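Visitor: I would like to learn how to read some features of a model. Where should we begin?

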Amino acid sequence: MTPLDYEFLRKFLKERSGLDLSADKQYLVESRLIPLARRVGLPGIPELVAKLKGGFEGLTAEVVEAMTTNETFFFRDKIPFDHLRETVLPELLRSRANRRSLRIWSAASSSGQEPYSIAMCLKEFASQLVGWRVEILATDLSQAVLEKSRAGIFSQFEVQRGLPIQMLVKHFTQVGELWQLNADIRAMVQHRQLNLLHDFSHLGTFDVIFCRNVLIYFDQDTKAGIFDRLARMLEPDGVLTLGAAESVVGITDTFKPYPERRGLYRPNPARVARGGAVAMMPQLFKAVASAAR
Ligand SMILES: C[S@@+](CC[C@H](N)C(=O)[O-])C[C@H]1O[C@@H](n2cnc3c(N)ncnc32)[C@H](O)[C@@H]1O
């Protein structure tokens, strides 16, 4: 790959997915894109770049997907899910008792282990949620991981990573060498393709947003912009959960740490720019959001 090809790909990926590659990541690009080039019948990266410059849209999505990192596992880092069970959900059950609805968004859901972990936590509150409208929305840039997530089928290796054995027994059915999540848990999660670089205000407001292990791939300005837009998507008492290595510190003040709960944040009311038609007409907003679902 020539330095010019690499520069083209860096800019191309940053614009399409937010991926911020440093100057020394040629090996990563080559290891992901040479196999893709061969698969689509091209000799190598220079020819792939020429096609991208020619505007082959199908190839654009394949290149972007090939460069995403989809690593995930059930109950990843454990603590966020402990916080969800022990603090966030009990509080929301109290504060939403009149409204009787809950909306949770897994904003880079990969192959589904995160939104399904959330669903399994919610299932523990089933008796208190009778009559409630509960939604878990799973979104990701990659169609391939969303397809896998929709199927809810996982390998032995995947169910051995982070999933307590009692949960496996309770919520999965063995299909040959694979494990499928039972229909009741699968039905709790809706899937949609969504690029976090694009406008997502049409999704409506959420009580909880999980946005974990995706912003680490973006530069500071992109992160700050996404944080600001996420803050507007959360109810004023809603909660944002980040990955173990992620923080808002030094990036934005639209969120403030949730007291004594590492990795959780609340919107900072002094800094969140709520406004426009959406904030002024919540009923209309909800109607639009549910029509879009
Ligand atoms: C490392 S996985 C994290 C999965 C899960 N949140 C977790 O923490 O286990 C990152 C996911 O972000 C997705 N992703 C990357 N860029 C994205 C973008 N611009 N918009 C939405 N999703 C994106 C990738 O496709 C991938 O599935």
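Guide: Begin with a pair of helices: helix 3 passes helix 4 in a left-handed crossing. A crossing is left-handed if the near helix is turned anticlockwise from the far one by less than a right angle, and right-handed if clockwise. Helices (H or I, at least four residues) and strands (E, at least two) are DSSP runs, numbered from the N terminus. This is a predicted model in which local features need pLDDT of at least 70 and side-chain atom pairs count only at pLDDT 80 or more, while totals for chains, interfaces and linings use all residues. Residues are numbered from 1 along each chain as its sequence is written, and side-chain values use heavy atoms, with hydrogens and water left out.

Visitor: At what angle do the axes of helix 3 and helix 4 cross?

Guide: Two packed helices are described by the angle between their axes and the distance between the axes. Here helix 3 covers residues 45-53 and helix 4 residues 57-67; their axes come within 9 Å and cross at roughly 125 degrees. Helix 3 is therefore oblique to helix 4. The axes are lines fitted to C-alpha atoms, for helices over the stretch in contact, with angles from 0 to 180 degrees between N-to-C directions. Under 35 degrees counts as roughly parallel, over 145 as roughly antiparallel, 65 to 115 as roughly perpendicular, and the rest as oblique.

Visitor: Which residue in the loop between helix 4 and helix 5 is buried?

Guide: Phe75 lies in that loop, before helix 5 (79-95), and is buried at a relative accessible area of 8%. Buried means under 20% relative accessible area, exposed over 50%, and partly exposed in between (1.4 Å probe, protein chains only). Asp77 has its place in the loop between helix 4 and helix 5 too, but counts as partly exposed at 32%.

Visitor: What is the phi of Phe75?

Guide: Most residues other than glycine have a negative phi. Phe75 has a positive phi of about 50 degrees, although it is not a glycine. For Asp77, phi is near 70 degrees, again a positive value in a residue other than glycine.

Visitor: How many salt bridges does a search of the whole structure find?

Guide: The search finds 22. A salt bridge is a side-chain nitrogen of Lys or Arg within 4 Å of a carboxyl oxygen of Asp or Glu. One of them joins the side chains of Asp82 and Arg85, at 3.5 Å from N to O. These two are separated by about one helical turn, because they sit three residues apart in helix 5. Asp82 is buried, at 15%.

Visitor: Which parts of the chain does the salt bridge of Arg99 and Glu235 tie together?

Guide: The side chains of Arg99 and Glu235 meet at 3.3 Å, N to O. Arg99 is in the loop between helix 5 and strand 1 (101-106), and Glu235 is in strand 8 (residues 234-241), so the pair ties together parts that are 136 residues apart in sequence. Arg99 is partly exposed at 33%, whereas Glu235 is buried at 15%. Both belong to a network of salt bridges that links Arg96, Arg99, Asp207, Glu235 and Asp237.

Visitor: With which residue does Lys123 form a salt bridge?

Guide: The partner is Asp184, with the closest N and O atoms 3.3 Å apart. Lys123 lies in helix 6 (residues 113-123) and Asp184 in helix 10 (residues 183-186), so this pair ties together parts that are 61 residues apart in sequence. Lys123 counts as partly exposed at 32%, and Asp184 as partly exposed at 37%.

Visitor: Is Phe125, in the loop after helix 6, buried or exposed?

Guide: Phe125 is buried, with a relative accessible area of 11%. Its loop runs between helix 6 and strand 2 (133-140). Phe125 and Thr87 are 38 residues apart in sequence and 13 Å apart in space, C-alpha to C-alpha.

Visitor: Where is Leu196 found?

Guide: Leu196 is in the loop between strand 6 (189-193) and strand 7 (206-210). At 5% relative accessibility, Leu196 counts as buried. From C-alpha to C-alpha, Leu196 and Val169 are 35 Å apart in space, and 27 residues apart in sequence.

Visitor: Which residues make the nonpolar surface patch?

Guide: Ile153, Val175 and Leu178 make a patch of about 220 Å². Patches are made of residues with over 30% relative accessible area and no salt bridge, joining like charges within 9 Å and nonpolar side chains (Val, Leu, Ile, Met, Phe, Trp, Tyr) within 5 Å. Accessible areas come from the Shrake-Rupley method with a 1.4 Å probe; for residues, only the protein chains shown count as cover. Val175 lies in strand 4 (residues 172-175) and is partly exposed, at 47%.
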